[in-house]
Amino acid sequence: MLGLAACGSGSSDAEEGGAPLSSVTVEGEQGQEPEVTFDGRLDPSAEEVDVLVEGDGETVADGDTVQANWWIGNGFTQEEAQSTYTKKGATQSVELSADVLPFLREAMIGRKVGDRVVMLTSAEKAYGEVGNPTIGIGNKDAVLAVVDILDRSETVPPLDGPQGEEKKPAGWAPTLVEKDGVITGLDFTEAHEPTGELIATTLIKGDGAKVKSGQTLTVDYLGQVYEADKPFDESYSKEPAEFPIGVGQVIAGWDERLVGRTVGSRVILEIPPAKGYGEEGNEQAGITGTDTLFFVVDILAAS
């Protein structure tokens, strides 16, 4: 069991004053979803921060990318408002820039990897004048935050393109179609017929770090249905795409074949319907429930 220190009250109907942060009990191991017990409403005018568990990892600096999870409670209603913890153990990747919510920056900058930090602040300071109605926090509420810092890395700008050792692609793979050095499509003339298996081949093995589940990837990509004349989607003519990987936010074929690759890699994926859009397909993209998808993906960053 871990106790805290803060002051409390909240909501537009709240009276001034309230219980201190020390009246809150936080139980559980660092890295696991906390069990939070309130003993009275918290005071939104109070500003307190406490480190409940001290880590021994690297110190987090402004501009770093941090892997973290957090639990947010409404200090007036004494109820959970938001939790990023999942049963899959995924974490949130946060670049501590000026765009990040101030209370998260304050909770993490200067702390160490392995810390569990608890903060009491007002909804206005946490989210702005209107609070955060989406998660049930009004503009006069107190906000209680429990933040677990799990890892950090210095923010590295995305690569301009794949970077690493060139590899001979597998014989089943389609050929890249390029114009002025930009990938515009896939040519299936020499490719095999789909096998119904999820497979991948490396064209360039990147010399960067391995991609981990829960990270946010920055990629360029092009997707094309087997034997289609043109791609159904691509980013090479636009800006690179960003998305979490390994946590079910993209099609399963991407989660299963991009985790473990290295930054700088270029790969071709063959994705059967079951690992793509399933029996329903994707009508908007013109993909049916029996289509096999091929992607070329350049992994430009992972944070």
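Student: Taking a salt bridge as a side-chain nitrogen of Lys or Arg within 4 Å of a carboxyl oxygen of Asp or Glu, how many salt bridges are there by this rule?

Tutor: The count is 10 salt bridges. Note that this is a predicted model, in which local features need pLDDT of at least 70, side-chain atom pairs count only at pLDDT 80 or more, and totals for chains, interfaces and linings use all residues. Residues are numbered from 1 along each chain as its sequence is written, and side-chain values use heavy atoms, with hydrogens and water left out.

Student: OK, which residue does Lys212 pair with?

Tutor: Asp151, through a salt bridge of 4.0 Å from N to O. Lys212 sits in the loop between β13 and β14 (216-225) and Asp151 in strand β9, 61 residues apart. Helices (H or I, at least four residues) and strands (E, at least two) are DSSP runs numbered from the N terminus.

Student: Why does Lys212 count as partly exposed?

Tutor: Because its relative accessible area is 48%. Buried means under 20%, exposed over 50%, and partly exposed in between, with a 1.4 Å probe and protein chains only. Asp151 is also partly exposed, at 32%.

Student: And which residue does Asp148 bridge to?

Tutor: Arg116, with the closest N and O atoms 2.6 Å apart. Asp148 belongs to strand β9 (residues 142-153) and Arg116 to strand β8 (residues 116-122), so this bridge ties together parts that are 32 residues apart in sequence. Asp148 and Arg116 are both buried.

Student: What about Glu165 and Lys167, how far from N to O?

Tutor: Their salt bridge is 3.6 Å. Glu165 is partly exposed at 48%, and Lys167 is partly exposed at 38%. Elsewhere, salt bridges with shared partners join Glu58, Asp64 and Arg152 into one network.

Student: Switching to aromatics. How many aromatic pairs?

Tutor: There are 9 aromatic pairs. Rings of Phe, Tyr and Trp (its six-membered ring) pair if their centres lie within 6.5 Å, with planes under 30 degrees apart counted as stacked, over 60 as edge-to-face and the rest as tilted. One is Phe188 with Phe294, edge-to-face, 5.1 Å centre to centre and 70° between the planes. Phe188 is in the loop between β12 (182-187) and β13 (199-206), while Phe294 is in strand β18 (residues 293-302), 106 residues along the chain.

Student: Buried or exposed, those two, Phe188 and Phe294?

Tutor: Phe188 and Phe294 are both buried. Trp254 and Phe295 make another edge-to-face pair, 5.1 Å centre to centre with 90° between the planes. Trp254 is in helix α3 (residues 252-258) and Phe295 in strand β18, so that pair connects parts 41 residues apart in sequence. Both of these residues, Trp254 and Phe295, are buried, and they form one aromatic cluster with Tyr221, Phe232 and Phe243.

Student: Now the packing. How many residues are in the largest nonpolar core?

Tutor: It has 25 residues, and Ile72, Phe103, Met108, Tyr127 and Ile137 have the most contacts inside it. A nonpolar core here is a set of buried Ala, Val, Leu, Ile, Met, Phe, Trp, Tyr and Cys residues joined through side-chain atoms within 4.5 Å. The elements giving it two or more residues are β5 (65-74), α1 (102-108), β8, α2 (123-127) and β9. A separate core has 22 residues, including Leu198, Val225, Ile251 and Val297.

Student: What is Phe103 in contact with, leaving aside neighbours within four places?

Tutor: Phe103 contacts (heavy atoms within 4.5 Å) Ile72, Met119, Thr121, Ala126, Tyr127 and Ala145. Thr121 is in strand β8 and is buried, at 3% relative accessible area. Beyond four places in sequence, Thr121 touches Pro44, Ala46, Glu47, Phe103, Ala126, Ala142 and Val143. The C-alpha atoms of Thr121 and Ala46 are 6.1 Å apart, with their positions 75 residues apart in sequence.

Student: Last, the whole protein. How many helices and strands?

Tutor: 3 helices and 18 strands. The C-alpha trace spans about 75 × 40 × 35 Å along its principal axes. Of the 303 residues, 46% are buried. Among contacts between residues at least 6 apart in sequence, 72% join residues at least 24 apart.
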